[in-house]
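Got your viewer open? Here is a short tour, one selection at a time.

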There are 2 protein chains.
Amino acid sequence: MSFDHLQDLIKAKKNPTVAGLDPKPEYVPPHIRKASYDKYGETLEGAADAILQFNKGLMDALCDVVPAVKPQAAYYEKLGWQGMKVMEETIRYAREKGLFVIADIKRGDIGSTAQAYSDGWLGKTQVGDKLLPAFDVDCVTVNGYMGSDAINPFLETCRAEDKCLFTLVKTSNPSSSELQDMVAGDRVVYQVMGDLTQRLSKDDVGKYGYTRAGAVVGATYPSDLRALRKRLEHTFFLVPGYGAQGGTAEDVQYAFDKYGRGAIVNASRSIMCAWQKTGKDGMDYQDAARAAAEAMRDDIRQFVTIL
Amino acid sequence: MSFDHLQDLIKAKKNPTVAGLDPKPEYVPPHIRKASYDKYGETLEGAADAILQFNKGLMDALCDVVPAVKPQAAYYEKLGWQGMKVMEETIRYAREKGLFVIADIKRGDIGSTAQAYSDGWLGKTQVGDKLLPAFDVDCVTVNGYMGSDAINPFLETCRAEDKCLFTLVKTSNPSSSELQDMVAGDRVVYQVMGDLTQRLSKDDVGKYGYTRAGAVVGATYPSDLRALRKRLEHTFFLVPGYGAQGGTAEDVQYAFDKYGRGAIVNASRSIMCAWQKTGKDGMDYQDAARAAAEAMRDDIRQFVTIL
């Protein structure tokens, strides 16, 4: 059970947070960018190399503080295949460091197409007689707008590989209400998605009471978060929206069960860009990131005790 | 206006269909696979090369019959960065052949993350002082579960680059009803998504009356298709579900306006796998694909006259 493994890592590090690796170019300290551009020119390859060096440095600094990292595919994809190569290298490095890797891909497609995505990200790809891993992460995010046809192929791969996923249920952004909050019968749309997520994986509950199918629930709507925690008692939560988007430690406490389990809170910008607040031009980005991750951990632990 | 350009290509070729490039390994004729494996081994690189050779051969055979191709990202991503490299090469080859390229990526994320996706797929990526294209297609598919925050960044890039997109509205798969058909007030969820799509792009209508923001509407629910055509009079439709999924030419006719415009119908398997029905081991895959594309064109033209 992969959420069991994640929960064990959270307990060992006493830290229910995940560091987002969303490397916007301006997040990368100038000296790292310069070194990569000197080597590869101002090319997609150069930009991708800068991101890889930054990610590695961050993970070196964070790997004994945080249990998990969450690379966001968009920032790699925007650099074309060179970016995707660096995403693979980032994932491999993270796993070598013992970090649990959540690929924030938000893929959503059906049947054999969903199967292709899940082969590539969670499983293995058949080539001739061989089964080869491609991106090979522990966990992905999935968009279920197309219904269970979009979720089940990922779940099958999760069962085969002992991995797990998060579906988008109630997201942290301002316009999430446009569709997700619509009243549909006696529920709202995000409750429908949450119920579907829990139901599809209900026979597969791990030692801490959580299934393989988790849910993304934003910290920016704390009353929804609190109600969803009660409604979906077997669903592990990934909680974005802490920090830059306005969610507080007091808000995110509602994501956790009475044992302080069942959720992980994401922060990206506050950790990756911590160096921008120390006035040292990014030469101290590792110390700054580590201090920010520790501060976030301690902030949340004021409200959450992990048993 | 990019749908104007697509409509002009449709008119010139008298063919409102798009060939899906969804290269499952078993779709690639054995002699092509063998040549690539002989060159690169049974590796992700070898499998990716086989797909590239197959795609190029298909596009050589189809480029004067179909106006557009639609590569499906999942089948490239499952081969890791080597697959994404071949997706880029496929796109570049298609554009050299004068084909309109719809990348079926179904990405859905918010704000600057959506912007990163749209830079990578539709726009340009800033690296140092340079602006570099990455995947560089004409059009993408977008998942709007997160609301207008997920659609607007793509639309902004579309306006800047004269490109276009399709949001997922009513998809062709069996479980699309689970979420999309839920009654929400006086509408159902897919109508909400359709209305949102049309509204976000309403000030940007091209010469044929269509905005930059199109909609995916499956052929497998023809009465929904017919009603959506009336409801969303300025929204161009991408129609999956013809052929293998059960949609007929009679069904898809409802996607078009009275001038035979405003929609394009996808087929993937029936074209890519046409060689599997001729008993010639795939040596004739180009002729078979071309004949299948012509048959599909003629089938739809029994019901649709393009003015």
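Start by selecting Ala184(B): among the residues of chain B, its C-alpha comes closest to the rotation axis, at 2.2 Å. This is a predicted model, where local features need pLDDT of at least 70, side-chain atom pairs count only at pLDDT 80 or more, and totals for chains, interfaces and linings use all residues. Residues are numbered from 1 along each chain as its sequence is written, chains are lettered from A and ligands numbered from 1 in the order in which they are written, and side-chain values use heavy atoms, leaving out hydrogens and water.

Now show both chains. Turning chain B by 180 degrees, with 0.0 Å of shift along the axis, lays it on chain A at an RMSD of 0.0 Å (a least-squares fit on C-alpha atoms of residues with pLDDT of at least 70 in both). The two copies are thus related as by a two-fold rotation axis.

Next, hide chain B and colour the strands of chain A. In the order β1-β2-β3-β6-β7-β10-β11-β12, 8 strands close into a barrel with parallel pairing (strands are DSSP runs of E, at least two residues, and helices of H or I, at least four, numbered from the N terminus; a pair needs at least two DSSP bridges). Zoom in on β2(A), residues 68–71, and β3(A), residues 100–107: they pair in the parallel sense over 2 bridges. Here Ala68(A) stands opposite Phe100(A).

Last, pick helix α13(A), residues 285–301, which lies across β1(A) (17–21) and β12(A) (263–267) (contact means heavy atoms within 4.5 Å). The helix runs at about 140 degrees to β12(A) (axes are lines fitted to C-alpha atoms, for helices over the stretch in contact; angles run from 0 to 180 degrees between N-to-C directions).
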